[in-house]
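Student: I would like to take a close look at a single part of this structure. Could you choose one element and walk me through it carefully?

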Amino acid sequence: MSISTSNCPPGLRAAEAPLYWLNGRYVTPTTSSNGEEELAPMTTARMVTWISRFITFLAPRRGEMVGLTKNCAEIILASDALRASVPIIDNVEALILPGVEIDETMTAQEGLGWLRKAVLGEFPFWPEDKERSVAVVVAAMLTGFAQLLIADKAQRPCFVVMANAERSGKTLLVRIMLCPVFGRAKVTPPPSGVDDAELPKKIASLAFAGASYVFLDNCKGKIGGGPLEAFITSTVINDRLLGKSEMKEAANDLLYMFTGNNAELTPDMRGRSLVVELFVEEAQPELREVRNWLDENRVLAMRARILSVLWAIVREWAAGERHKSGCSHGTFQDWADVIGSMCECVGLVSPVKPPRLRKPVDADLAAFDSLLPLALEDRGDRRLMASGELMQFARELGALSFLQEEKPEDDKEARSERAAWGKRIERFIDQRFPSGCKIEWDDHTSRTNRRLIISRVADVSVPTVPEATE
């Protein structure tokens with residue numbers, strides 16, 4: 001991919017050393033693994049090899065040719081002199097994709113109408129959350145398409161497609177998010193569990209190879225865990241090359257895509273993810289009638305038209321006021337103010353709007369959010385309860401899956417239950433739930449007989465966001 005602008009040569013190829021400044025970062029034209037041109041951020045690691053094509057470095061006194069070190073590359077990229085001499089890309093006028101003809105006359109509304117009907121029309125989105133799910137799919141596509149419009153090192157969401165059964169279209173939906181921009185989707189084997197120590201090495205290898213995304217398909221159990229969460233939150237990946245002792249560094253600009261049946265997310269992943277939920281009513285999903293059957297080849301055949309839709313959305317957003325998103329998000333607000341506002345400006349709901357999922361991705365949070373208001377019924381806005389009393393109340397309601405129907409008589413099982421309950425209490429202590437309820441320790445009781453204070457502290461209102469337009 002190349003971009004023609006008003007203040008740099010068409011195609012970005014006229015300059016002897018094609019280095020440009022875009023949205024707070026250096027970028028260069030490069031060729032992707034699919035053989036297509038694209039703009040790639042310039043990192044310290046890339047600078048070491050890239051600059052050797054244009055400049056020869058000689059060692060002092062000896063006069064021998066030497067390579068640029070990382071320390072020198074870092075100094076060069078931080079130089080005010082380099083910044084002052086590099087052309088600025090600030091106004092994209094045309095999108096040039098080799099072999100792909102972009103329809104510049106398509107409007108955003110025309111494109112979205114076709115996309116919803118011809119591409120997304122047969123996916124079984126959970127009805128109560130369909131509009132937000134469609135917005136998340138479009139936002140995922142725009143994230144790859146307009147990635148250089150997002151601030152450098154800004155946190156971006158992970159995208160999770162979950163379903164109640166196999167053969168629901170999860171993998172195909174992610175291919176639709178990826179293929180128009182990146183070509184054929186490459187799948188990375190999913191982790192074996194939340195503590196899979198090999199997953200970071202796989203992700204690091206992808207980053208070192210210049211990949212644009214990580215697609216973990218058909219994840220089992222919970223999605224998340226310390227190793228994965230550490231990589232997602234870092235802006236730079238620094239790890240050893242597989243089979244070598246050599247360390248390597250790469251910018252963490254990867255898009256993270258996950259699919260899973262009946263998936264749950266760890267608390268940290270829940271806050272870093274946008275979820276799309278599919279629900280198949282048929283007990284035998286393979287018997288579900290699909291009139292407009294799609295696969296990756298058919299998606300790629302529609303590539304030009306899908307890209308024309310995305311380009312129409314970007315054009316409409318760029319021609320407007322570029323307002324900030326109507327919804328706030330504490331993890332990836334910079335992303336929401338660009339990609340979220342693109343969705344909103346063309347009539348979609350905000351992709352960061354609170355979801356209305358059939359199956360909560362954080363079962364413990366959902367359980368306590370339902371449990372506490374019930375504990376306050378006929379008790380006003382405040383109630384004191386012993387921890388064991390609230391635990392028994394949850395058992396009677398069947399609120400938590402780890403609690404047996406009857407209090408276990410076996411001491412080992414009872415201790416295991418109490419330990420699991422204690423972890424959940426400590427996780428949620430002093431926090432306010434979406435229902436407006438809160439739990440905290442009563443400091444006026446002894447440590448051996450501590451009680452919990454359950455209170456209703458506020459009525460939580462959902463942020464106002466634009467409604468979807470068909």
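Tutor: What follows is a look at one helix, set against the chain as a whole. Please keep in mind that this is a predicted model, in which the secondary structure of the protein chain comes to 15 helices and 18 strands. The part I have chosen is helix 12, which takes in residues 333-345.

We can begin with its length: at 1.5 Å a residue, the 13 residues of this helix should span 18 Å, and because its end C-alpha atoms lie 17 Å apart, the expected span and the modelled one agree. Along the way, helix 12 bends by about 30° at Ile339, and that residue, Ile339, is also among the buried ones.

Burial is the next thing to consider, since helix 12 is mostly covered, with ten of its 13 residues buried. These buried residues run from Trp335, Ala336, Asp337 and Val338, through Ile339, Gly340 and Ser341, to Met342, Cys343 and Glu344. Their cover includes two other helices, helix 5 (130-145) and helix 11 (303-319), together with strand 8 (158-163) and strand 15 (273-278). Just after the end of helix 12, Gly347 takes a positive phi of about 95°.

For the wider setting, buried residues make up 47% of the 470 residues in the protein chain. Among the contacts in the chain between residues at least 6 apart in sequence, 71% join residues at least 24 apart. The accessible surface of the protein chain comes to about 23600 Å², and carbon and sulfur atoms account for 49% of that area.

Conventions: Residues are numbered from 1 along each chain as its sequence is written. This is a predicted model: local features need pLDDT of at least 70, side-chain atom pairs count only at pLDDT 80 or more; totals for chains, interfaces and linings use all residues. Side-chain values use heavy atoms; hydrogens and water are left out. Helices (H or I, at least four residues) and strands (E, at least two) are DSSP runs, numbered from the N terminus. The expected span of a helix is 1.5 Å times one less than its number of residues. The bend at a residue is the angle between axes fitted to the seven residues ending there and the seven starting there. Buried means under 20% relative accessible area, exposed over 50%, partly exposed in between (1.4 Å probe, protein chains only). Contact means heavy atoms within 4.5 Å. Accessible areas come from the Shrake-Rupley method with a 1.4 Å probe; for residues, only the protein chains shown count as cover.
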